[in-house]
Amino acid sequence: MADARRFDIVIVGAGPAGLTAALYAGRNMEHAVLLESKAPGGQLLNTELIEDYPGVKSILGVDLAQVMMDQATGFGTELVSAEVEQILVHDDGLKTVRTSVGDIVAPAVILTAGGNPRKLEVPGEVELAGRGVSYCAVCDGAFFRDAELAVVGGGDAAVEEGIFLTRYASKVTIIHRREHFRAQGLLVDEARHNPKIEFLLDNVVDSIDGDDLVKSVSVRNVQTGEKGTVDVGGVFIFVGFLPNTGLVDVHIDHDEAGYYLTHPMTMMTSVPGIFAAGDVRSQLTRQISTAVGDATTATIAAAKWVEEWKRGRIEGDADLVEDVVEDRE
Ligand code: NAP
């Protein structure tokens with residue numbers, strides 16, 4: 001640990017949650033660092049237009065990322081471009097964050113590393129990735145002008161991105177394994193009214209086919225067993241999200257899908273001094289507004305944790321909650 005840089009708070013990942021944590025840490029004069037290996041913005045960079053972030057009527061994802069980034073670093077939180085490899089938890093409460101540019105040591109870590117799209121895991125998906133198989137409509141949609149496309153999934157992402165893809169495509173077939181959608185009713189209604197969108201419900205994709213480029217998908221009706229082929233030039237897969245929760249070397253309590261469980265009052269995980277916010281946290285929904293809210297709470301609680309830890313007065317979640325409640329009284 002001799003050569004390690006020392007901070008009070010390390011924020012891991014610069015999506016909306018991480019950028020909010022950096023903003024609050026900087027503004028509150030905490031000694032904090034924000035680590036990110038790619039361009040700051042997280043999922044914002046994969047989203048075309050944002051219309052559901054309060055206070056901003058309509059903004060491009062890439063523009064909101066830039067504003068959040070400027071605001072976050074404007075208050076003094078250092079942004080370091082680094083890949084986090086592992087986080088070690090020590091008996092005295094300190095954590096060592098192992099990164100591609102060296103070790104960083106701090107008592108508090110806020111995990112805001114988001115996640116990655118879940119794979120469909122069918123033949124052809126890996127082989128044709130980047131050759132018609134995509135997980136990002138904003139990134140790849142423009143390559144499919146006048147093409148017929150398939151979108152797989154029935155959540156907000158599938159329906160929203162399916163609608164987005166009709167800007168370019170001549171037809172979008174949304175293939176969903178059930179009759180009912182997980183997506184918000186408003187989005188499903190919008191898709192139903194879009195003349196370029198067709199639905200193939202109760203169907204799963206068995207394989208993605210093509211030699212060099214995607215040519216079709218093989219589908220199967222889960223009710224009748226009937227098999228079919230949908231001819232498409234591209235397949236966009238939106239079947240959920242896998243949280244980046246594998247960095248810490250000790251067990252952190254999580255739900256069955258791997259998302260971290262956090263205390264509702266502090267966003268602290270089951271490991272004292274490790275907080276989680278945004279898409280790595282177990283919650284009903286994963287919106288920009290919820291990520292921002294989680295991160296605000298997590299940062300204020302983390303600062304409090306550090307203060308108490310320095311005085312040797314704190315051990316676990318119960319201590320921190322007790323302290324927060326005492327302060328409010
Ligand atoms: P999601 O809500 O988990 O939906 C995943 C969809 O993929 C579900 O319809 C699921 O089907 C289907 N699916 C899962 N595994 C599958 C498989 N192996 N084969 C076929 N289908 C499969 O994921 P998401 O749409 O990526 O959204 C993630 C979070 O981001 C959600 O909380 C969502 O609300 C949020 N989000 C919000 C917005 C917005 O508000 N504008 C936009 C995008 C995302 P079942 O329904 O049958 O399980």
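Which residue in β18 does Ser-216 stand opposite? Keep that one in mind while you look at the first view; every close-up here comes from a predicted model.

**View 1. Three strands side by side make an open sheet.**
The order across this sheet is β16-β17-β18, and the pairing is antiparallel. At the edges you'll find β16 (203-209) and β18 (227-231), and each of them pairs on one side only. Going from one strand to the next, the twist averages 30°. Follow β17 (residues 216-221) along β18 and you can tick off five bridges, paired in the antiparallel sense. Here's the answer to the opening question: Ser-216 stands opposite Asp-231 in β18.

**View 2. β16 and β17 form a hairpin.**
These two strands pair in the antiparallel sense over six bridges. Pick out Ile-208, and its bridge partner in β17 is Val-217. Between the two strands there are six residues. One residue to spot in the turn is Gly-210, which has a positive phi of about 155°.

**View 3. Ser-216 sits in strand β17.**
Is Ser-216 buried or exposed? Its relative accessibility is 9%, so Ser-216 counts as buried. Setting aside neighbours within four places in sequence, Ser-216 is in contact with Ile-208, Asp-209, Thr-229, Val-230, Asp-231 and Val-232. You've already met Asp-231, the residue that Ser-216 stands opposite in β18.

**View 4. Ile-104 is a buried residue in strand β9 (residues 102-106).**
With a relative accessible area of 3%, Ile-104 is buried, because buried means under 20%. Who are its contacts? Not counting residues up to four places away in sequence, Ile-104 touches Ala-4, Arg-5, Phe-7, Val-10, Val-33, Leu-35, Lys-95, Thr-96, Val-97 and Thr-99. Take Phe-7 from that list: Phe-7 and Ile-104 are 97 residues apart in sequence, yet 7.3 Å apart in space, C-alpha to C-alpha.

**View 5. Helix α1 (residues 16-27) crosses helix α6 (residues 288-310).**
To describe two packed helices, you give the angle between their axes and the distance between the axes. For α1 and α6, the axes come within 8 Å and cross at roughly 40°. The crossing is right-handed. On the α1 side, the residues that meet α6 are Pro-16, Ala-17, Thr-20, Ala-21, Tyr-24 and Ala-25. Over on α6, their counterparts are Ile-288, Ala-291, Val-292, Ala-295, Thr-296, Thr-299 and Ile-300. Sort the residues of this contact by type and you get 10 nonpolar, three polar and no charged.

**View 6. Helix α4 (residues 156-165) packs with α5.**
Here the angle is about 35°, and the axes are 9 Å apart. This time α4 passes α5 in a left-handed crossing. From α4 come Asp-156, Val-159, Glu-160 and Ile-163, and they meet Leu-187, Val-188, Glu-190 and Ala-191 in α5. What kinds of residue make up the contact of α4 with α5? They divide into five nonpolar, no polar and three charged.

**View 7. Five strands form an open sheet with parallel pairing.**
Read across it and the order is β12-β19-β13-β14-β15. The edges belong to β12 (133-134) and β15, each with a single partner strand, so one side of each has no neighbour in the sheet. Inside this sheet, β14 and β15 pair in the parallel sense over four bridges. For example, Thr-173 has Glu-198 in β15 as its bridge partner. Helix α4 packs on the sheet too, touching β13 (148-152), β14, β15 and β19 (234-237). The direction of α4 makes about 170° with that of β13.

**View 8. Aromatic rings pair up in this structure.**
How many aromatic pairs does a search of the whole structure find? It finds three. In one of them, Phe-164 and Tyr-168 have ring centres 5.8 Å apart and planes at 80°, so the pair is edge-to-face. Both Phe-164 and Tyr-168 are buried. Another pair is Phe-181 with Phe-199: the centres are 5.4 Å apart and the planes are at 70°, so this pair is edge-to-face. Phe-181 lies in the loop between β14 (171-175) and α5 (185-192), and Phe-199 in strand β15 (residues 197-200), so the pair ties together parts that are 18 residues apart in sequence. Phe-181 counts as buried at 15% relative accessibility, whereas Phe-199, at 24%, counts as partly exposed.

Note on methods. Residues are numbered from 1 along each chain as its sequence is written. This is a predicted model: local features need pLDDT of at least 70, side-chain atom pairs count only at pLDDT 80 or more; totals for chains, interfaces and linings use all residues. Side-chain values use heavy atoms; hydrogens and water are left out. Two strands pair if DSSP finds at least two bridges between them. Axes are lines fitted to C-alpha atoms, for helices over the stretch in contact, and angles run from 0 to 180 degrees between N-to-C directions. Buried means under 20% relative accessible area, exposed over 50%, partly exposed in between (1.4 Å probe, protein chains only). Contact means heavy atoms within 4.5 Å. A crossing is left-handed if the near helix is turned anticlockwise from the far one by less than a right angle, and right-handed if clockwise. Ala, Val, Leu, Ile, Met, Phe, Trp, Tyr, Cys and Pro count as nonpolar, Asp, Glu, Lys and Arg as charged, and the others, Gly among them, as polar. Rings of Phe, Tyr and Trp (its six-membered ring) pair if their centres lie within 6.5 Å; planes under 30 degrees apart count as stacked, over 60 as edge-to-face and the rest as tilted.
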